[in-house]
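Please explain how this structure is put together, for someone who has not looked at it before. Begin with the terms that are needed, then go through the parts in turn.

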Amino acid sequence: MTSRRDFLAGASAITGAVAAAAVSKVAMAALPEPVTQSKPETMPPLVPNTGRPYNPVVTLNGWTLPWRMNNGVKEFHLVAEPVVREMAPGFKAHLWGYNGQSPGPTIEVVEGDRVRIFVTNKLPEHTSIHWHGQRLPNGMDGVGGLTQKHIPTGKTFVYEFVARRPGTFMYHPHADEMVQMAMGMMGFWVTHPKGKHPLIDEVNRDFVFLLSNYDVDPGAYTPKIMTMLDFNLFTFNSRIFPGIDSMNVRHGDKVRIRIGNLTMTNHPMHLHGHEFLVTGTDGGPTPKSTRWYEVTTDVAVGQMRQIEFLADEEGDWAFHCHKSHHTMNAMGHDVPTMIGVDHRGVAKQITSLVPDYMVMGERGMADMAEMEMPLPDNTAPMMSGVGPFGALEMGGMFTTVKVRRDQKPGDYRNPDWYQHPAGTVAYEFTGTLPAAPRANVSGTGSAPARVAPKSKEVEVQIRKPGSGHSTH
Ligand SMILES: [Cu+2]
């Protein structure tokens with residue numbers, strides 16, 4: 001949770017660095033001072049104080065990289081380096097990133113800007129940066145070995161190009177990619193339109209984040225880089241719920257959320273309570289004739305999507321990946337399904353050998369969210385987060401969009417939980433339940449089944465939770 005003081009301290013630290021970088025003429029010939037940020041809180045938008053004006057974005061649990069103007073060129077300094085990223089309170093991962101954090105800082109420029117980016121490599125191996133989605137000279141495309149020499153450890157390379165196309169982009173290494181992206185090297189890039197654009201609307205709030213995945217064993221700190229598909233942490237900007245900040249907006253705001261996917265699988269991103277339009281991809285703004293309302297949009301690997309909606313329903317609205325395994329934290333997947341299995345006999349025998357033995361999953365997994373199970377030193381519970389009505393039973397790629405009437409324009413602070421008007425929350429029915437009429441339990445097919453001569457019907461014995469006796 002971010003206090004206002006943290007917010008202001010963060011904002012002035014960043015703008016202070018910009019001001020300092022804009023002074024000395026001698027310094028202009030040298031590298032721009034690298035700016036570092038290691039706090040995991042969402043930093044307020046970086047309002048541009050030089051160059052063309054624009055409406056800045058907010059990076060979820062991240063920040064925007066300050067620049068300096070040098071003879072009309074926007075100069076940035078990225079430092080590729082090992083970082084410690086707090087993925088959620090109490091859980092830190094040793095990643096690789098840029099300028100103190102994974103993902104790296106967001107870069108914001110304006111269509112037509114000439115951009116010069118100094119990239120210093122402090123990693124133990126060579127690297128490069130590919131500017132995903134940009135129109136640029138081939139030699140600036142950042143593919144190690146193909147369009148440039150790799151950046152050796154300890155060296156600084158310079159990329160320079162004009163941001164020709166407005167839109168939603170990202171950056172990441174194109175050198176030992178499998179390892180470097182599995183370690184968290186990536187960042188967001190937004191090129192704002194230089195004036196009114198027929199396909200790019202002005203919005204009140206503009207949030208950005210990248211999807212990434214990691215495989216960190218409970219108790220460990222470093223991701224397993226050889227994992228191909230079976231990741232155990234699915235993140236927004238290298239954070240997992242409940243470590244992901246909410247997106248706080250004012251009732252009636254037009255909201256844009258930009259998402260890029262650098263994981264190993266697709267993520268159907270789902271918003272509750274509102275419909276949105278997909279207004280752009282990394283290919284640029286979508287033509288209006290191609291837009292239709294959705295509540296879920298799939299973001300495939302290596303894709304970016306920007307969605308827009310009118311936040312006109314008050315409340316705390318879930319926003320998450322719709323793959324249910326992606327809203328969970330570190331867990332083993334080789335657990336058998338135990339629903340309906342009667343453990344009682346086995347549990348008694350095991351308890352005599354392992355006194356702390358706990359029966360799991362007999363009634364589903366919801367108990368896990370409330371279980372006070374001892375965890376290894378450095379990990380996150382599989383699902384956690386406490387809401388106003390109890391355990392949220394969520395982890396990973398989950399957060400909320402909080403829509404409030406009293407959220408001031410430009411205020412991104414986290415309001416308290418939504419106060420539901422009386423009579424608008426689901427409630428318990430306390431009358432008597434009528435006996436349920438039973439339909440015929442046998443199904444039918446489109447053609448008669450050929451029944452093997454000796455087969456007989458098998459029905460699984462289910463013990464109802466808490467009922468203590470077996471029933472059909
Ligand atoms: Cu997902």
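Two residues count as being in contact if their C-beta atoms, placed from the backbone, lie within 7 Å. By that rule, 74% of the contacts in the protein with a separation of 6 or more are between residues 24 or more positions apart. The model is a predicted one, and its secondary structure comes to five helices and 26 strands. Of the 472 residues in the protein, 38% are buried.

The confidence of the prediction comes next. Mean pLDDT for the protein is 86, and 79% of the residues reach 70 or more. Two stretches stay under 50. One is residues 1-23, for which the model has 28 contacts beyond four places in sequence. The other is residues 467-472, with five contacts beyond four places in sequence. Where pLDDT is low, the predicted coordinates should not be read in detail.

The strands can be followed sheet by sheet. One open sheet has four strands in the order β5-β10-β9-β7, and its pairing is mixed. Its edge strands are β5 (107-110) and β7 (130-132), each of which pairs on one side only. On average, neighbouring strands of this sheet are turned by 25 degrees against each other, direction ignored.

Within that sheet, β5 pairs with strand β10 (residues 187-192) in the parallel sense, over four bridges. Two of the residue pairs can be named: Ile107 has Trp189 as its bridge partner in β10, and Val110 has His192. In a regular strand the side chains alternate between the two faces of the sheet. In β5 both faces are covered, as Ile107 and Val109 on one side and Glu108 and Val110 on the other are all buried. So β5 is an edge strand of its sheet, and yet both of its faces are covered.

A second open sheet has five strands, in the order β13-β24-β21-β15-β19, again with mixed pairing. The strands at its edges are β13 (247-250) and β19 (296-299), and each pairs on one side only. From one strand to the next the twist averages 20 degrees. Inside this sheet, strand β21 (residues 315-321) and strand β24 (residues 398-404) pair in the antiparallel sense over six bridges. Gly315 stands opposite Val403 in β24.

Other pairings involve strand β20 (residues 304-310). Because five of its seven residues are buried, β20 is largely enclosed by the rest of the structure. Strand β14 (residues 254-261) runs antiparallel to β20 and is joined to it by seven bridges, with Ile259 opposite Arg305 in β20. Strand β16 (residues 276-281) also pairs with β20 in the antiparallel sense, over four bridges. In that pairing Gly280 stands opposite Gln306 in β20.

Arg305 also gives a reference point for Gly284, a residue of strand β17 (residues 284-285). Gly284 and Arg305 are 21 residues apart in sequence and 9.6 Å apart in space, C-alpha to C-alpha. Is Gly284 buried, exposed or partly exposed? A residue is buried if 20 or more other C-beta atoms lie within 10 Å of its own, and exposed if 12 or fewer do. Gly284 has 15 within 10 Å, and is therefore partly exposed. Leaving aside neighbours within four places in sequence, Gly284 is in contact with Arg165 and Gly167.

Another antiparallel pair is made by strand β11 (residues 205-214) and β12, joined by four bridges. Tyr214 stands opposite Leu233 in β12. Strand β12 (residues 233-236) has both faces covered: Leu233 and Thr235 on one side and Phe234 and Phe236 on the other are all buried.

The last topic is the nonpolar core. In soluble globular proteins, nonpolar side chains tend to be buried together. Here the largest nonpolar core has 79 residues, and those with the most contacts inside it are Met170, Trp189, Phe207 and Val401. Strand β3 (residues 73-88) supplies the largest share of this core, seven residues. Trp189 has already appeared as the bridge partner of Ile107. Phe207 touches Val57, Val58, Leu60, Met247 and Ile257, not counting residues up to four places away in sequence.

Key. Residues are numbered from 1 along each chain as its sequence is written. This is a predicted model: local features need pLDDT of at least 70, side-chain atom pairs count only at pLDDT 80 or more; totals for chains, interfaces and linings use all residues. Two strands pair if DSSP finds at least two bridges between them. Axes are lines fitted to C-alpha atoms, for helices over the stretch in contact, and angles run from 0 to 180 degrees between N-to-C directions. pLDDT is the predictor's confidence in each residue, from 0 to 100. A nonpolar core is a set of buried Ala, Val, Leu, Ile, Met, Phe, Trp, Tyr and Cys residues joined through C-beta atoms within 7 Å.
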